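User: I would like to understand how the labels attached to this model are justified by its values. Please set each value against the rule behind it.

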Amino acid sequence: MKLRPLHDRIVVRRKEEEALSAGGIVLPGSAKEKPNQGEVVAVGSGALLDSGEVRAVALNVGDVVVFGPYTGNAITIEGEELIIMSEADIFAVIEA
Amino acid sequence: MKLRPLHDRIVVRRKEEEALSAGGIVLPGSAKEKPNQGEVVAVGSGALLDSGEVRAVALNVGDVVVFGPYTGNAITIEGEELIIMSEADIFAVIEA
Amino acid sequence: MKLRPLHDRIVVRRKEEEALSAGGIVLPGSAKEKPNQGEVVAVGSGALLDSGEVRAVALNVGDVVVFGPYTGNAITIEGEELIIMSEADIFAVIEA
Amino acid sequence: MKLRPLHDRIVVRRKEEEALSAGGIVLPGSAKEKPNQGEVVAVGSGALLDSGEVRAVALNVGDVVVFGPYTGNAITIEGEELIIMSEADIFAVIEA
Amino acid sequence: MKLRPLHDRIVVRRKEEEALSAGGIVLPGSAKEKPNQGEVVAVGSGALLDSGEVRAVALNVGDVVVFGPYTGNAITIEGEELIIMSEADIFAVIEA
Amino acid sequence: MKLRPLHDRIVVRRKEEEALSAGGIVLPGSAKEKPNQGEVVAVGSGALLDSGEVRAVALNVGDVVVFGPYTGNAITIEGEELIIMSEADIFAVIEA
Amino acid sequence: MKLRPLHDRIVVRRKEEEALSAGGIVLPGSAKEKPNQGEVVAVGSGALLDSGEVRAVALNVGDVVVFGPYTGNAITIEGEELIIMSEADIFAVIEA
């Protein structure tokens, strides 16, 4: 069972903890805030342009991404919470 | 008697219960929230582009879909409650 | 005397009562809500596209349609209350 | 002295009274509401499209029109109150 | 010293008093409202279309125009109060 | 050290006082309002059109301009307060 | 480890202090406001135009930029706080 996002939507698995906080990436704010980063687990087929063409999403499964607070809609699939958001909600990819 | 949705609208039969909650898909929140997933029972002929062309809806009857909370308008047809929403209200298709 | 709707507007005669409520179509909510369905009695010449072209309305006189709550503007013509709305306010056509 | 409306604007002389209320057209609501119908007395040269072209207004002087409540701006010319509104504020033409 | 309005802006000298109120044009409302008409004293070079073209303003210096309430920004030049507004704020030209 | 505004932004040096208030230009309101006029000190390379083209800003360094209240963002460069605004915030050029 | 901003987003390292405040650039307001200037440390691949084309960001790594208050989203990478914003949030480049 898996999710196939529509169009420019992507599915992200939020990082459970800030594994990289020592010398890594930490989001500002209190410790109770959930980290606004995660791994892309599914990518839609692309945005529908007004011209009728499709523009592929500039992200790949496995990308580690940073996104904004209060972004997306959470769902739980096979016991795991995932977030569905739009490509436009993604700020940047964290490259190793 | 059946519903023929206009343009990019689709008709969804909401899942009565979260049959898949054990190892399946559960939407977060209290048990009283209705599940935000369902089966597509009718699909419009497609979105009307500004160019005058029609873009087919990227969904088929029988697709199991995830959508947002507070989405669509409910109607009851032949005793069964259905939801009419736009394709843009659909986040993803759940594939078996 | 009749109404000729402009552009993408249509005129609908709201169903006075839910004739089909037994095994038919019932809109949810209290019995005091007016039914959000009706019959198309007049159709405009079509939407004006930015390109300058006209796109015909995808509805015909006689279609039984479902529309949203709080839709359109009511007028009374020759003693009968009618509703003027835009094609975009129509969700679906009920086919026999 | 006369008004020449700009672009897609039209000038309407509101009906003073509902002459047609017996078997004719009556707008709903209390008797104190002004009728939302009138006669077109001037028509602009047409809407300016983004393409730079002009699209003629689909109304003619003398048309009897129905419009929404709270529409347009009132002015008085040579002792007579008129309303200036946009073509988009007109719902339908009443044909004899 | 003079004002050269940018693009689709125009400069209007508001009528000090309703000279035409006897058989002429009077705006509705209390006597304390300023008249919403005036004479065009300067016209911009035209609206910038998305296509990159310029569309000339459909008004000329000397036109007597009607505009909406709360329109434009007032400035005083050489002791005289003027109003800068956009062409879209002008409803109609009053022709003699 | 200087500011290079991006795209359709311009940098304006606000007039410290209304030098021209005798027979010149005075903005309405109390004496405590800052004058909404100034001199253009830097101009961006032009607006980015949706077509991908660039449209030059219709202003030159040295132009004396009128702009709206509450417009732009103030910065101080080399001890002097300047305002960064968009070309669209400029109403008119004051020509000698 | 580094951030690769998506599309028209850029990453800025905010200036810790107003090094240039003597004869340099100072933002107005109380001393407690953070300076709204910084150095570009990463630039996205460009804005996605409706035409499907990509328009390169008009900024380079190393540019010192001025941006508005309350702009962007802060993240901390390898112990350093950075801000992710869109090109449209940048007002000007400070040139030496």
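User: Where in chain F is His7(F) found?

Analyst: His7(F) is found in the loop between β1 and β2 (9-14) of chain F, where strands are DSSP runs of E of at least two residues, helices are runs of H or I of at least four, and both are numbered from the N terminus. This is a predicted model, in which local features need pLDDT of at least 70 and side-chain atom pairs count only at pLDDT 80 or more, whereas totals for chains, interfaces and linings use all residues. Residues are numbered from 1 along each chain as its sequence is written, chains are lettered from A and ligands numbered from 1 in the order in which they are written, and side-chain values use heavy atoms, with hydrogens and water left out.

User: Why is His7(F) called buried or exposed?

Analyst: A residue is buried under 20% relative accessible area, exposed over 50%, and partly exposed in between (1.4 Å probe, protein chains only). His7(F) has 13% relative accessibility and therefore counts as buried.

User: What stands out about phi of His7(F)?

Analyst: Phi of His7(F) is near 55°, a positive value in a residue other than glycine. The sign is worth noting because most residues other than glycine have a negative phi. In chain B, phi of His7(B) is likewise near 55° and positive; His7(B) has its place in the loop between β1 (2-5) and β2 (9-14) of chain B, and its 12% relative accessibility makes it count as buried.

User: How do you know whether Asn60(G) is buried or exposed, and which residues is Asn60(G) in contact with beyond its sequence neighbours?

Analyst: Asn60(G), in the loop between β6 (54-55) and β7 (64-67) of chain G, counts as exposed because its relative accessibility is 52%. Leaving aside neighbours within four places in sequence, Asn60(G) is in contact with Val40(G) and Val43(G), contact meaning heavy atoms within 4.5 Å. The C-alpha atoms of Asn60(G) and Asp89(G), 29 residues apart along the chain, are separated by 15 Å.

User: What makes Asn36(B) count as buried, and which side chain does Asn36(B) meet in a polar contact?

Analyst: Asn36(B) lies in the loop between β3 (25-26) and β4 (37-43) of chain B, and it counts as buried because its relative accessibility is 12%. Its side chain makes a polar contact with the side chain of Arg14(B) at 3.4 Å. A polar contact is a pair of N or O atoms within 3.5 Å; within protein, one must be able to donate a hydrogen and the other to accept it, and residues adjacent in sequence count only if both atoms are side-chain atoms.

User: What area is buried between chain A and chain B?

Analyst: Buried area is the accessible area (1.4 Å probe) that two parts lose on being put together, summed over both. For chain A and chain B it is about 1,900 Å², of which carbon and sulfur atoms give 58%. Met1(A), Arg4(A) and Leu6(A) supply 29% of the area that chain A buries against chain B, more than any other three residues. The contact takes 20 residues from chain A and 23 residues from chain B.

User: Why is the meeting of Glu95(B) and Arg4(A) called a salt bridge?

Analyst: The term requires a side-chain nitrogen of Lys or Arg within 4 Å of a carboxyl oxygen of Asp or Glu. The side chains of Glu95(B) and Arg4(A) meet at 2.6 Å, N to O, so the pair satisfies that rule. One salt bridge is found across this interface, alongside eight residue pairs in polar contact (both at pLDDT 80 or more). The elements that give two or more residues to the side of chain A that touches chain B are β1 (2-5) and β8 (73-77) of chain A, and the largest share, five residues, comes from β8(A).

User: How do you know that β1(A) and β10 (residues 90-95) of chain B pair?

Analyst: Two strands pair if DSSP finds at least two bridges between them. β1(A) and β10(B) have four bridges, in the antiparallel sense, and in β10(B) the bridge partner of Pro5(A) is Ala92(B). Elsewhere, β1(F) and strand β10 (residues 90-95) of chain G pair in the antiparallel sense over four bridges, with Val93(G) as the bridge partner of Arg4(F).
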